[in-house]
Amino acid sequence: MCIRDRPRNVVVRADAGEGRCCARLDQPACEGGMIYARDVLAYVADAAGVKVTDLTGPCRRRPYTYYRFIAVWAIRQLCQHMSYPNIGQMLGGRDHTTMIHADRRAEEEMAKRPDLQKIAMDALGHFATSEIESLDHSIALVSAELDALMAAREAKLNADTGALFARAA
């Protein structure tokens with residue numbers, strides 16, 4: 001247990017509104033194909049073998065800070081409209097300048113440590129693969145809808161043409 005583990009005045013849940021993000025693509029339970037920052041955080045925590053609370057808590061031990069850096073970087077890559085203050089709030093009420101520092105340090109640490117780079121790239125790959133699958137599904141739905149509209153239009157046209165010929169006869 002970290003020496004710095006102590007209660008904070010601000011308690012932020014990872015599923016709070018501020019933790020929501022731009023495009024969730026890998027779980028059908030989410031509407032509109034949205035990726036949520038909390039899901040990216042959970043993925044990084046799982047890949048790193050730590051708990052989400054370890055990343056959102058006050059501990060400053062090296063392994064947790066490195067994984068936190070990667071989580072911030074991955075959230076910024078996948079959820080580009082998430083601001084640093086929102087990410088900081090989601091990660092335990094941290095200041096936005098801490099998140100800027102984490103984003104920069106993630107790049108440096110990934111260059112030095114292949115294990116951190118693998119976690120980051122796996123997170124990007126996981127959500128990007130889901131995006132492609134989601135887009136394929138959306139295209140199939142739109143295509144089926146267009147086919148139905150075209151069939152209905154053709155049926156109406158045939159009915160109108162038949163009525164026109166019936167009147168002419």
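# Contacts and salt bridges: worked exercises

Leaving aside residues up to four places away in sequence, Thr65 touches Cys59 and Arg60. Keep in mind that you're working with a predicted model.

**Exercise 1.** Place Thr65 in the secondary structure, then decide whether Thr65 is buried or exposed.

*Solution.*
- Step 1: look up the element. Thr65 sits in helix 3, which covers residues 62-78.
- Step 2: check the accessibility. Thr65 has a relative accessible area of 13%.
- Step 3: apply the cut-off. Buried means under 20%, so Thr65 goes down as buried.

**Exercise 2.** Find the salt-bridge partners of Arg105 and give the N to O distances.

*Solution.*
- Step 1: start with Glu108. Arg105 pairs with Glu108, and their closest N and O atoms are 3.7 Å apart.
- Step 2: move on to Glu109. Here the closest N and O atoms of the bridge to Arg105 are 2.9 Å apart.
- Step 3: test both against the cut-off. A salt bridge needs the nitrogen within 4 Å of the carboxyl oxygen, so 3.7 Å qualifies for Glu108 and 2.9 Å qualifies for Glu109.

**Exercise 3.** Work out how the partners in these bridges are spaced along helix 5.

*Solution.*
- Step 1: get the helix. Helix 5 spans residues 96-112, and both Glu108 and Arg105 belong to it.
- Step 2: take the first pair. Glu108 and Arg105 are three residues apart, about one turn of the helix.
- Step 3: take the second pair. Arg105 and Glu109 are four residues apart in helix 5, so about one helical turn separates them.

**Exercise 4.** Follow the chain of bridges on from Glu109 and say which residues end up in the network.

*Solution.*
- Step 1: find the next link. Glu109 also forms a salt bridge with Lys112, at 3.7 Å from N to O.
- Step 2: check the spacing. Glu109 and Lys112 are both in helix 5, three residues apart, which is again about one turn.
- Step 3: join things up. The network of salt bridges links Arg105, Glu108, Glu109 and Lys112. The structure as a whole holds five salt bridges.

**Exercise 5.** Sort the four network residues by exposure class.

*Solution.*
- Step 1: pick out the buried one. Glu109 has a relative accessible area of 5%, so it counts as buried.
- Step 2: go to the middle class. Arg105 is partly exposed at 23%, and Glu108 is partly exposed at 42%.
- Step 3: finish with Lys112. Exposed means over 50%, so Lys112, at 58%, counts as exposed.

Key
Residues are numbered from 1 along each chain as its sequence is written. This is a predicted model: local features need pLDDT of at least 70, side-chain atom pairs count only at pLDDT 80 or more; totals for chains, interfaces and linings use all residues. Side-chain values use heavy atoms; hydrogens and water are left out. A salt bridge is a side-chain nitrogen of Lys or Arg within 4 Å of a carboxyl oxygen of Asp or Glu. Helices (H or I, at least four residues) and strands (E, at least two) are DSSP runs, numbered from the N terminus. Buried means under 20% relative accessible area, exposed over 50%, partly exposed in between (1.4 Å probe, protein chains only). Contact means heavy atoms within 4.5 Å.
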